[in-house]
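Colleague: I would like a close look at one part of this model before I look at the rest. Please start from a single residue and then work outwards to the helices and the charged pairs.

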Amino acid sequence: MFVYWGYKDSGKAHMKKYAKMNGKTVIYYDNITMRKIETHDKNIKKTIYYYDNEFLSEVSESKYNPNKTKHRMYIEKGSKRWNGFVQYGNKSFTHEMLLGHYDTIFEGGDIFLMNHELPEFFIVDNLTRLKTSCNNIVPYHIDLEHMYLQKLHYFGTNRAEEFGNNLMDIWSHDKDRIYNWLDLWEKDFYDVVNTLKKYDIPYQYFNLRKDSYVDTFGWKNDLDREFSNTNKHMTNIDEYKDIIRQYIQNRNQKEFQLL
């Protein structure tokens, strides 16, 4: 099983689509739920695991639509969509909740994706699995403008910090607040690498702009990189580029260093 060590906005939607195209099973970690998405021919079976006084699972089935695309919408704080996020219990997973269920969750998995940073207990519980039976992949960017364009485009929706807030409203009176928020994406990358080093988990880097998905993952049906390129949908791209230019100049930032 591949473990894709990318958190928010790190190419997971591309990986999920690529896996489905090749009939692969995706395991998703999402803090209060875990999902198993199995694709066979034109059928999808989704199992959601969650904890609500006990460990539970729900199964649903649907048809696979190879032409389906998904673009996130801005979510206003307090809206029905906002309040609908917590629908499976309301407790983050703990060691006690998941203990004894890992084999069931991971059974048949081809790739493991994560929307949130994995808690330390989760890594420790699965350390043997991660070291001996998983290929650990760390995605990274070399085109910082391209990377930050997507982050800014989904500002207010793509991480807990500043969730529900408006980018340009903040930028107009507090640029440092936006700079600090942009810093978090680089921190995510180094936190992942340092965690893998801490536990002596073998890993390889994956260049999101240049490396071959087929060569890295071995799944023959490739997916055009443009599938996950949201830049063409942006209406404020010039404003975003100006923010990025000032940010990179302020931080004297260069490409991420591979540790």
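Colleague: Does Phe 112 count as buried or exposed, and at what relative accessibility?

Modeller: The model is predicted, and everything below should be read with that in mind. Phe 112 counts as buried, because its relative accessibility is 2% and the cut-off for buried is under 20%. The residue belongs to strand β6, which covers residues 111–114. Setting aside neighbours within four places in sequence, Phe 112 is in contact with Met 1, Phe 2, Val 3 and Tyr 4, with Ile 27, Tyr 28, Tyr 29 and Met 34, and with Phe 106, Leu 118 and Phe 122. Two of these partners can be placed in named elements: Ile 27 is within the range of β2 (26–29), and Phe 122 is within that of α5 (residues 120–125). As a distance reference, the C-alpha atoms of Phe 112 and Ser 228 are 19 Å apart in space, with their positions 116 residues apart in sequence.

The loop that follows β2 holds a backbone feature. Asn 31 lies between β2 (26–29) and β3 (33–40), and its phi is positive, about 75°, although the residue is not a glycine. Most residues other than glycine have a negative phi. The relative accessible area of Asn 31 is 25%, so the residue is partly exposed.

Helix α5, which holds the contact partner Phe 122, also takes part in a charged pair. The structure has 9 salt bridges. In one of them the side chains of Glu 120 and Lys 198 meet, at 2.8 Å from N to O. Because Glu 120 is in α5 and Lys 198 is in α9 (residues 175–198), this pair ties together parts that are 78 residues apart in sequence. Glu 120 has 42% relative accessibility and therefore counts as partly exposed, while Lys 198, at 57%, counts as exposed.

Helix α9 also supplies Arg 177, which forms a salt bridge with Glu 162, with 2.7 Å between the closest N and O atoms. Glu 162 is in the loop between α7 (144–153) and α8 (167–171), so the bridge ties together parts that are 15 residues apart in sequence. The two partners fall into separate accessibility classes: Arg 177 is partly exposed at 31%, and Glu 162 is buried at 15%. Glu 162 also has a positive phi of about 70°, although it is not a glycine. Elsewhere, Arg 159, Glu 161 and Asp 188 are linked in a network of salt bridges.

The next step along the chain of contacts is from α9 to α11. Their axes are 11 Å apart and cross at about 80°, so the two helices count as roughly perpendicular. On the α9 side the contact is made by Lys 175, Ile 178, Tyr 179, Asn 180, Leu 182 and Asp 183, and on the α11 side by Ile 243, Gln 246, Tyr 247, Asn 250 and Arg 251. By class, these residues divide into 5 nonpolar, 3 polar and 3 charged.

Helix α11 (residues 237–251) has a salt bridge within itself. The side chains of Arg 245 and Asp 242 meet at 2.6 Å, N to O. The two are 3 residues apart in the helix, which means that about one helical turn separates them. Both ends of the pair are partly exposed, Arg 245 with 46% relative accessibility and Asp 242 with 31%.

Both α9 and α11, together with α8, are among the elements that cover the buried residues of α7. That helix is mostly covered, with 8 of its 10 residues buried. The buried residues are Leu 144, His 146, Met 147, Tyr 148, Leu 149, Gln 150, Lys 151 and Leu 152. At the N-terminal end of α7, Asp 143 acts as a cap: one of its side-chain oxygens lies 3.3 Å from the backbone nitrogen of Glu 145.

In short, the path starts at buried Phe 112, passes by way of Glu 120 in α5 to Lys 198 in α9, and ends at α7, whose cover includes α8, α9 and α11.

How values were computed. Residues numbered from 1 in each chain as written. Heavy atoms only, no water. Salt bridge = Lys/Arg side-chain N within 4 Å of Asp/Glu carboxyl O. Helix = DSSP H or I, 4+ residues; strand = E, 2+ residues; numbered from the N terminus. Buried < 20%, exposed > 50% of the residue type's maximum accessible area, 1.4 Å probe, protein only. Axes fitted to C-alpha atoms, helices over the stretch in contact; angles between N-to-C directions. Parallel < 35°, antiparallel > 145°, perpendicular 65-115°, else oblique. Contact = heavy atoms within 4.5 Å. Nonpolar A, V, L, I, M, F, W, Y, C, P; charged D, E, K, R; others polar. Polar contact = N/O pair within 3.5 Å; in protein donor to acceptor, adjacent residues only side chain to side chain.
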